[in-house]
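Have the viewer ready and a selection box at hand. We will go through this protein stop by stop, choosing what to select and looking at what is there.

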Amino acid sequence: MTMIFFILGLGALVLGAEMLVRGASRLAAAVRISSLVIGLTVVAFGTSFPELAVSVQSAFLGQADIALGNVVGSNIFNVLLILGISALIVPLRVSHQLVRFDVPIMIGVSILLFMMSLDGKIGRADGIILFSGIVAYTAWLFRKGSKTVEEPGSVQAAGSTKDVTIYYFILQIVLLLSGLVLLVIGSRWLVQSAIVIAHTLGLSELVVGLTIVAAGTSLPEVATSIVASIRRERDIAVGNVVGSNIFNILSVLGVSASIAPDGIRVAPSALHFDIPVMVAAAVVCLPVFFTGRIIARWEGALFLGYYGAYTLYLIMASSHHNALPVFNSVMMMFVIPLTVLVLGGSLLQSFRGQSGDG
């Protein structure tokens with residue numbers, strides 16, 4: 001039965017992602033709001049509903065490690081694995097708005113979460129502050145997006161201006177909502193199946209939250225961004241990830257910390273390793289996105305490699321593997337410095353190219 005629900009959940013995710021992307025892109029054209037804003041809000045928030053449901057329930061039941069690990073693990077998963085896979089399918093062009101505003105916001109809220117975690121707990125007041133942030137961010141996006149005139153090709157994709165009737169509008173909303181429902185149901189079946197397997201292997205709640213639950217609740221983002229990449233809806237593919245990460249911290253953790261009886265406790269291992277990894281994953285987006293405003297295939301492969309290394313570290317640390325010290329040394333002395341040099345060189349080359357054009 002576990003495998004049956006796993007397969008059914010996967011099928012629901014694929015179908016739901018296709019419906020969500022199709023409905024969101026057509027809705028953006030119909031109401032003349034940019035597809036980037038739709039990706040950052042409707043699609044990103046919708047695909048983050050599984051994280052919201054899991055973290056809120058975990059916080060209410062006192063399972064703080066799962067509530068926090070789900071958000072932190074999902075954000076790492078979103079950047080390193082989802083953007084990695086999407087960029088391997090097709091290089092992703094990044095809009096000016098993402099580089100100038102949304103990615104810095106993602107970095108800022110990631111650092112804010114780290115600062116709030118220093119006392120070992122995300123309290124109710126912290127949760128209210130975080131949730132206030134998502135309200136302000138969403139209001140700003142829609143205010144800006146409503147002033148943006150969609151490019152002619154997008155409106156034509158919906159047929160023509162005259163063809164955008166109330167029935168067409170309702171149809172796209174139904175399509176989008178149906179996709180969200182399938183994504184939530186599919187992710188729930190997958191998560192429940194994965195948790196059974198994880199507990200059978202004897203993993204801690206934090207590791208389960210950072211890996212199995214985080215990956216499971218992020219599967220809607222995986223399916224949506226991959227389908228969006230295939231359909232060349234690149235603003236939705238990238239905006240979905242950035243918007244989801246912002247939503248996860250400000251809304252998911254904000255609501256969870258607000259309703260938790262004693263706030264959300266932050267485990268020392270999460271404070272000293274997992275949250276800094278999440279911050280680093282957010283920070284590295286800025287130079288990667290800035291270089292030509294394209295996420296190249298080799299950068300996607302780099303993201304995937306780092307997610308594999310992160311997952312391997314969690315498995316080795318939870319099992320106290322003897323090779324863990326060697327693994328840490330290789331990462332700190334060779335892999336990370338080499339990555340910094342490569343990204344720094346690409347960034348410098350981009351700056352020189354812009355100077356030459358000027």
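The tour below starts with the whole chain and then visits a core, a cavity, a salt bridge, a few single residues and a pocket.

**The whole chain**

Keep in mind that this is a predicted model. Colour the chain by secondary structure, and you should find 14 helices and 4 strands. The chain has 358 residues, and 51% of them count as buried. Contacts reach far along the sequence: among those between residues at least 6 apart, 86% join residues at least 24 apart.

**Stop 1: the nonpolar core**

Select Val242, Ile264 and Phe289. Within the largest nonpolar core, which has 91 residues, these three touch the most other members. Now add helix α4, residues 64-89, which gives this core its largest share, 13 residues.

Next, centre on Val242 and show its surroundings. Beyond its neighbours within four places in sequence, Val242 is in contact with Leu40, Leu98, Asp102, Val103, Met106 and Phe289. Phe289 is thus both a contact of Val242 and one of the three residues named above for touching the most other core members.

**Stop 2: the cavity**

Keep Met106 on screen and select the rest of its group: Asn75, Ile76, Val79, Ser110, Asn245, Met278, Ala281 and Ala282, which together with Met106 line the largest cavity. Its volume is about 30 Å³, and the structure holds 1 cavity of 30 Å³ or more. Helices α4, α5 (96-117) and α12 each supply at least two of the lining residues. What is the make-up of this lining: how many residues are nonpolar, polar and charged? The count is 6 nonpolar, 3 polar and no charged.

**Stop 3: the salt bridge**

Select Asp65 and Arg265. Their side chains meet in a salt bridge, with 3.4 Å from N to O. The two partners come from distant parts of the chain, 200 residues apart: Asp65 is in helix α4, and Arg265 is in strand β3 (residues 264-265). A search of the whole structure finds 1 salt bridge.

Are the two partners buried or exposed? Asp65 has 15% relative accessibility, so it counts as buried, being under the 20% cut-off. Arg265 is at 45%, which lies between 20% and 50%, and therefore counts as partly exposed.

**Stop 4: along helix α4**

Stay on helix α4 and select Asn70, which is found there. Asn70 is buried, with a relative accessible area of 0%. Which residues does Asn70 touch, not counting those up to four places away in sequence? They are Glu51, Val54, Ser55, Asp65, Gly209, Val213, Ala214 and Thr217. Asp65, the salt-bridge partner of Arg265, is thus on the contact list of Asn70.

Move on to Val71, also in helix α4 and also buried, at 0% relative accessibility. Leaving out residues up to four places away in sequence, Val71 touches Ser55, Asn248, Ile249, Val252 and Leu253. Draw a distance from Val71 to Asn245: the two are 174 residues apart along the chain, and 8.3 Å separates their C-alpha atoms. You have met Asn245 before, in the lining of the largest cavity.

**Stop 5: Gly300 and Ile173**

Select Gly300 in helix α13. Gly300 is buried at 0% relative accessibility, and beyond its neighbours within four places in sequence it is in contact with Gly84, Ala87 and Leu88. From Gly300 to Val90 the C-alpha distance is 9.6 Å, with their positions 210 residues apart in sequence.

For a contrast, jump to Ile173 in helix α8 (residues 166-200). Ile173 is partly exposed, with a relative accessible area of 31%. Its C-alpha lies 6.6 Å from that of Gly23, although the two are 150 residues apart in sequence.

**Stop 6: the largest pocket**

Finish by selecting Val277, Ala280, Tyr306, Met331 and Ile336. Among the 23 residues that line the largest pocket, these lie nearest its centre. The elements giving two or more residues to this lining are α12 (268-290), α13 (297-318) and α14 (324-357). The pocket holds about 650 Å³ of space. Colour the lining by residue type, and you will find 21 nonpolar residues, 2 polar and no charged.

Note on methods. Residues are numbered from 1 along each chain as its sequence is written. This is a predicted model: local features need pLDDT of at least 70, side-chain atom pairs count only at pLDDT 80 or more; totals for chains, interfaces and linings use all residues. Side-chain values use heavy atoms; hydrogens and water are left out. On a 1 Å grid over the protein atoms alone, a cavity is a set of points where a 1.4 Å probe fits but cannot get out, and a pocket is an open set with protein on both sides within 12 Å along at least five of seven lines; lining residues have an atom within 4 Å of a point. Grid points are joined across faces, edges and corners, and a volume is the space filled by probe spheres set on the points. Ala, Val, Leu, Ile, Met, Phe, Trp, Tyr, Cys and Pro count as nonpolar, Asp, Glu, Lys and Arg as charged, and the others, Gly among them, as polar. A nonpolar core is a set of buried Ala, Val, Leu, Ile, Met, Phe, Trp, Tyr and Cys residues joined through side-chain atoms within 4.5 Å. Buried means under 20% relative accessible area, exposed over 50%, partly exposed in between (1.4 Å probe, protein chains only). Contact means heavy atoms within 4.5 Å. A salt bridge is a side-chain nitrogen of Lys or Arg within 4 Å of a carboxyl oxygen of Asp or Glu.
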